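Thanks for making time this morning. I would like to walk you through one strand and its neighbours, and then turn to the ligand.

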Amino acid sequence: MRRKLIAGNWKMNGSFASNEALLSDLRAGLGSDVACEVLVCAPAPYLMQCADLLSDSDIAWGAQDVSVHISGAYTGEVSAAMLADCSCSYVIIGHSERRAYHGELNELVAQKTLRALASGLKPIVCVGETLEQRESGLTNAVVRAQLQAVLDVIEADALADLVVAYEPVWAIGTGKTATPQMAQEVHAVLRQQLALKNVTSAANVRILYGGSMKPDNAQELLAMPDIDGGLIGGAALKAADFLAIVRAA
Ligand code: PGA
């Protein structure tokens, strides 16, 4: 049985003051018996604030990107070892905004995934098609190529630490959500592909859905057999909404 993971992706939002308020509301609202795993992915300058405010809680924290380099003259980059130093558990890799605005290609995403794994971080590898690709019938081919680049470079036993997030680009921040059936179809394709790497581990890999997941659609999405959690953007910035999604899991 896969334990669901509800992950907030704060993107480039927050401040010390607003984070403190959000995290304290999340802690108060979660209580002690949470069925799913809860994670917030904060901007790098706030990771140590998360460590300070969450280390005695059931909420984990992680980053939104990682450098492909180990260390050295790469101005502005943050290495996997640095994220591990901030006690991050997870790191989002290959988010569609990184792919679209920073030109990240599948091979780079794969190499970043290796870096994360080498530093003991669990990568959340994002895949997803654009509207144009969906309308041209390319959805499965696109997400398969995105995932395959990663599967080609990792060891089979690394699947134990891998999380995949299916985020249709047309659903991110738009209020348009894939129907549960549409999402499930893609998740099943991804699960089959993982199984070609290792059948037993593939059954345990969490495949998250992301793209306008909200309190009013979370339950039906999370009820699908291969949807093992959510990667939540906008709704992760409001404690009440994020908590409602956690409860739906
Ligand atoms: P959204 O973002 O929930 O605001 O659509 C999801 C994401 O980009 O991870």
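Strand β6, residues 163–166, runs parallel to β7, residues 206–210, and four bridges join the two; strands here are DSSP runs of E with at least two residues, and helices are runs of H or I with at least four, numbered from the N terminus. Two strands count as paired if DSSP finds at least two bridges between them, and one partnership across β6 and β7 is that of Y166 with Y209. Please keep in mind that this is a predicted model, in which local features need pLDDT of at least 70 and side-chain atom pairs count only at pLDDT 80 or more, while totals for chains, interfaces and linings use all residues. Residues are numbered from 1 along each chain as its sequence is written, and side-chain values use heavy atoms, with hydrogens and water left out.

β7 also pairs in the parallel sense with β8, residues 229–232, over two bridges, and there G210 stands opposite L231. Between β7 and β8 the chain passes through helix α10, residues 215–222, in a right-handed β-α-β crossover, that is, clockwise from the first strand over the helix to the second when the strands point away from the viewer.

How many of the five residues of β7 are buried, meaning under 20% relative accessible area with a 1.4 Å probe and protein chains only? Five of the five are, with R206, L208 and G210 on one side and I207 and Y209 on the other.

Turning to the ligand, a backbone N or O atom of G173 lies 2.7 Å from one of the ligand's oxygen atoms, and for S212 a backbone N or O atom likewise lies 2.7 Å from a ligand oxygen. Taken alone, the ligand exposes 280 Å², of which the protein buries 97%, these areas coming from the Shrake-Rupley method with a 1.4 Å probe.

Conventions. Buried means under 20% relative accessible area, exposed over 50%, partly exposed in between (1.4 Å probe, protein chains only). A polar contact is a pair of N or O atoms within 3.5 Å; within protein, one must be able to donate a hydrogen and the other to accept it, and residues adjacent in sequence count only if both atoms are side-chain atoms.
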